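Please read these notes with the sequence and the 3D view open. Each point takes up one part or one property, and the residues are worth finding on screen as they come up.

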Amino acid sequence: MKKKILSLSCILTALFFVSLLSAQISISPDPFQVDASITITVDINSGASNCNSLSNPTKVYMHSGIGDNTNAFGFSVVGNYGQDDGVGQMTNNGNGIYSITIVPETYYSLTATQAADATKLGMVIRNEDGSQELKASGCSDFIFNVGVFQATVTNPTATTTILNSGEDLIINANNTNGLADYSLKANGAVINSNTNVSTYAYTDANITENKNYALEITQSGTTITKTFSVLVNPGVIVQQIPANLVNGINYDASDPTKVVLVLDAPLKDFIYVAGSFNNWNPDSSYSMKKDATAGSTKFWLELTGLTAGQIETFQYWVVDQTPAANSPMMVKTADPYSTLVLSPFDDPFIPANTYPNLPAYPAGQEREVTVLQTGQADYQWQVTNFQKPKKEDLIIYEVLVRDFDGDRNFQDLIDKIDYFKNLNVNAIQLMPVMEFEGNESWGYNTSYHMALDKFYGTEAKLKEFVDVCHQNGIAVILDVALNHAFGRNPMVRMWMDDPDNDGWGEPSSENPYFNQVATHSYSVGSDFNHSNAITKAYVKQVVAHWVNAFKIDGFRWDLTKGFTQNCTASDENCTNVYQADRVAVLKEYADYSWSLDAQHYVIFEHLGGNQEEKEWADYRVSGQADGISKGIMLWGKMTGSYAELSKGYAAQGDISGVGHNSRNFNAKRLIGYAESHDEERIMYTTQTEGNTAVQNATLLPSALLRASTVAATLITVPGPKMIWHFGALGMNNSIFTCSDGSVNLPGGGNGDCKLDTKPQPQWTQNWLADANRSQVYNDYARINALKINEPVFEGDYEILPDGNNIRQRIYVWDDTLPAATLKNVVVLANFSVANLSIVPNFPYTGRWYDLMDPTGNTFVDVTNTSDPINVSAGQFKMYGNAQPQTLSTTAFASNDNVALYPNPAQTAFSINKDVKKLSIYDVSGKLIKTFKGNFTKASAFNIENISKGLYLVQIENELGATTTTKLIKL
């Protein structure tokens, strides 16, 4: 099943039950003991049919582990999957034969207990980068027995057997290496035993209750335990479901001792709820009732006698006695609507500082379990009436929590709120934070869409982050992957094809949520069928959860091209042309979002045909009964054009597509961006491919100047904009940077490292204190502040290069604004590697102010609108007909050679003049701190509580004269 194992963590932790081997691998001696030297030999010439195989590998690796009958990799794993680092490398013996010699106990660093309990050795054979694997017969991983004493249960063949009440269970088993003693327990009590036999047979008759069996086989002091179970069909009580319940856990606000569980499960016969509250051994009282409503497929159960505040865990044991071919009769699964799940695969690797007091995973269970806790205290929101920034004014900062800072959690973001605030962004967009498979991920491999991934922190911590953002005028947007889900998802597993019976699979023909084959050409994971009412209900409940419980301001919908049922996986053309069903269902989801929050941001990553995008962008923009303009925002990728210009070339540098006019949208709903998580860093491209003539674009100082120029020609264009994290510090690490700092570009044969965890030079090297990088940051901050605060940037625009794209000119205007205000802006950008003159074509003569100078002291008096203006290589000029009203500070009367010392300063500074008043502003013109008094040259001004960055210091003397100068805070 090609998608059931997503990543290394899945490979390490999946439950392997298949022990069918082939001649591809041999172990000598066989059988072998855990403390004996063994030689493992693989013949790569004998690839199994219908499986991946090794084709002319440079090297061959054994990625292997050791464990017990439950998990062949459970005790220890050796190998770093996909890494060519020598760990597990096999010796090339020629002719496609490779071998490695190990002593298992030593090789896997087993404890004495683990060595005594080890019964299985598992392995995957791969090439040097993991792009090729060698499989055993049945396309499963290789599993070998450890020890000369082995035991097998030949009946029952299934882990769980479904019986009607009163039926019998026949139990047969045998062992190797001579005679053994057998002891059979049911629900912890011995019900049969036999000694000194090599075969075992017993019939447990007239079974009327669920039973968990343990067959213990002992030989010479060594015991092997085989476990299996019986689930009795309880019969289903049909009863009307109580009113006003939703799918999942329904807490009772007035009674913390009870909850009602609801599961929508078409085609299922009966369902048990097993959990900590019944010792994971449910009886018929924990069988879910079937809703009596005509046509309903819902099951429900009220749990009573719970303790307020006590953490409980549970699963649904879902049974279909006549499933589709290759589908399991029973699936144990967490609730698909879980808001917190515990995972035996990922939780052991979650740091305690990120998720303190993480509940323990229940011993003896398998796969995810749902956490239930009544009587939880509500988060106390500090901001209850957040006013969202206008869609037209949005400056969105896209963040991957994992790669933002060293702890990789929400606390890192909270701790750096000044970084965002001083940058003057007004929205933060988090890449998916819903429960995904593994811990080291971008998050698009989502398995539980309503559960927060614990690797980033607790629910309370995310709410605190949202609250802190709202306190600072910053909206929070979540990236959601609702085109698909991955194999741990309960709705995949409850209706799955599982021919190898390992508990993982792809959607079966009976799956009510998912297509068996994707109906578009961009498939990942299992593809949702959004034409089904049950899928729509799920999506809407996911939306409501994040909006209502977390006060999330908007969603960025990933891969919206996949929301159609009209195409095939191989038909690229169909996927990329107008699809009416896709337009309709996504409008329906947008309408639902707006029904919850009329100002909710709806953003689509479509990157597709203009017809669909225009229909969404202009949808419900005007004429709304509530007076609130809606409209769906669309991602507008411009990476290639900005990269070409930043490198110092003109040919492909057409940036006209950055604004909504290029798409014929009536509303400003295009989110133009130069960088995103999915695109190569422009700084990296500039430094590796830039024009080296005249003023070399590849040199860091030159490339950083160009980063500011990219910002000036991107953000000033009316409409929402987005920046990728650390673009505002000139991040120049390739997106293909590996976790060790090396770079593996696509096509290099070693994996491209795109998804790898990235180094953190922006913090470890203190980029904010670096003069060149902090200048980029301050330029972004100034441009962002102008964009957000000045009404002109909600007006009209034109992009008219002077002769060619290397000399960009952007005109922004709003003729409805008063003449004395900032109503016209001209941006001139020289992307050449040589100093150039640009004909500005100002709209009229007069005084034009340099908008990048917060003091207002820099301007040009224009007598001829076509007189050229010199712009240095890679730099820009931004002029306005008036000084910004929202950002202006007091006009300065004189400059009397004022100096600050030390400058830069860490904790305090002094001035070489006597002053009466001193005010500190950030680069956007926002007042940060004021000192009043009769200060002398010896006076010190404390700035310990001010964030690092560039500031303007306004000084007033006893005569009332004012002046300004710059301060760098380290």
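1. The area figures come first. About 36900 Å² of the protein chain is exposed, and carbon and sulfur atoms supply 47% of that area. Keep in mind throughout that this is a predicted model.

2. Overall dimensions. The C-alpha atoms fill a box of roughly 105 × 70 × 60 Å along the principal axes. A compact globule of 970 residues would have a radius of gyration near 30 Å, and the protein chain, at 33 Å, agrees with this. Of the 970 residues, 57% count as buried.

3. Secondary structure and contacts. The protein chain has 17 helices and 55 strands. If we take the contacts between residues at least 6 apart in sequence, 69% of them join residues at least 24 apart.

4. Charges. The protein chain carries 67 positive and 100 negative charges, and the mean positions of the two sets are 7 Å apart.

5. Nonpolar cores. Which residues have the most contacts inside the largest nonpolar core? They are F420, L430 and W557, in a core of 159 residues. W557 can be followed further: leaving aside neighbours within four places in sequence, its contacts include V480, L482, V539, V543, F563 and Y589. The list for W557 also includes V602, I603, F604 and E605. Apart from this core lies another, of 29 residues, among them I44, V60, Y108 and A115.

6. A151. This residue lies in strand 10, which covers residues 151-155. Is A151 buried or exposed? Its relative accessibility is 7%, so A151 counts as buried, the limit being under 20%. Not counting residues up to four places away in sequence, A151 touches N174, N175, I217, I224 and K226. For a sense of distance, A151 and S939 are 788 residues apart along the chain, and their C-alpha atoms are separated by 85 Å.

7. E572. Here the separation in sequence and the distance in space can be set side by side. E572 and S521 are 51 residues apart in sequence, yet their C-alpha atoms are 5.5 Å apart. E572 is in helix 10, residues 572-575. Leaving aside neighbours within four places in sequence, E572 is in contact with S521 and Y522. With a relative accessibility of 38%, E572 counts as partly exposed, because that value falls between the 20% and 50% limits.

8. Helix 13 and its surroundings. Seven of the eight residues of helix 13 are buried, so that the helix is mostly covered. Which residues of helix 13 are buried? They are T639, S641, Y642, A643, E644, L645 and S646. These residues pack against strand 38 (633-637), strand 39 (670-673), helix 14, helix 15 and strand 42 (807-813). After helix 13 comes G648, with a positive phi near 100°.

9. Helix 14. This helix spans residues 682-689, and its buried residues are I682, M683, Y684, T685 and T686. Their cover includes helix 13 (639-646) and helix 15 (700-715). Helix 14 is thus listed among the elements that helix 13 packs against, and helix 13 is listed in the cover of helix 14.

10. Backbone exceptions. Most residues other than glycine have a negative phi, and most peptide bonds are trans. N196 is not a glycine, but has a positive phi of about 55°. N196 is found in strand 14, residues 189-197, and at 54% relative accessibility it counts as exposed. R408, also not a glycine, has a positive phi of about 60°. R408 sits in the loop between helix 4 (401-404) and helix 5 (410-415), and at 25% relative accessibility it counts as partly exposed.

11. Cis peptide bonds. The bond from S28 to P29 is cis, with omega near 0°. P29 is in the loop between strand 1 (25-28) and strand 2 (38-43). Another cis peptide bond joins N903 and P904, with omega about 15°. P904 lies in the loop between strand 49 (900-901) and strand 50 (908-911).

Definitions and conventions: Residues numbered from 1 in each chain as written. Predicted model: local features only at pLDDT ≥ 70, side-chain atom pairs only at ≥ 80, totals over all residues. Heavy atoms only, no water. Helix = DSSP H or I, 4+ residues; strand = E, 2+ residues; numbered from the N terminus. Rg over C-alpha atoms; globule rule 2.2 N^0.38 Å. Buried < 20%, exposed > 50% of the residue type's maximum accessible area, 1.4 Å probe, protein only. Contact = heavy atoms within 4.5 Å. Areas by Shrake-Rupley, 256 points an atom, 1.4 Å probe, with all protein chains shown as cover. Lys, Arg positive; Asp, Glu negative; His and termini not counted. Charge placed at Lys NZ, Arg CZ, Asp CG, Glu CD. Core = buried A, V, L, I, M, F, W, Y, C linked by side-chain atoms within 4.5 Å.
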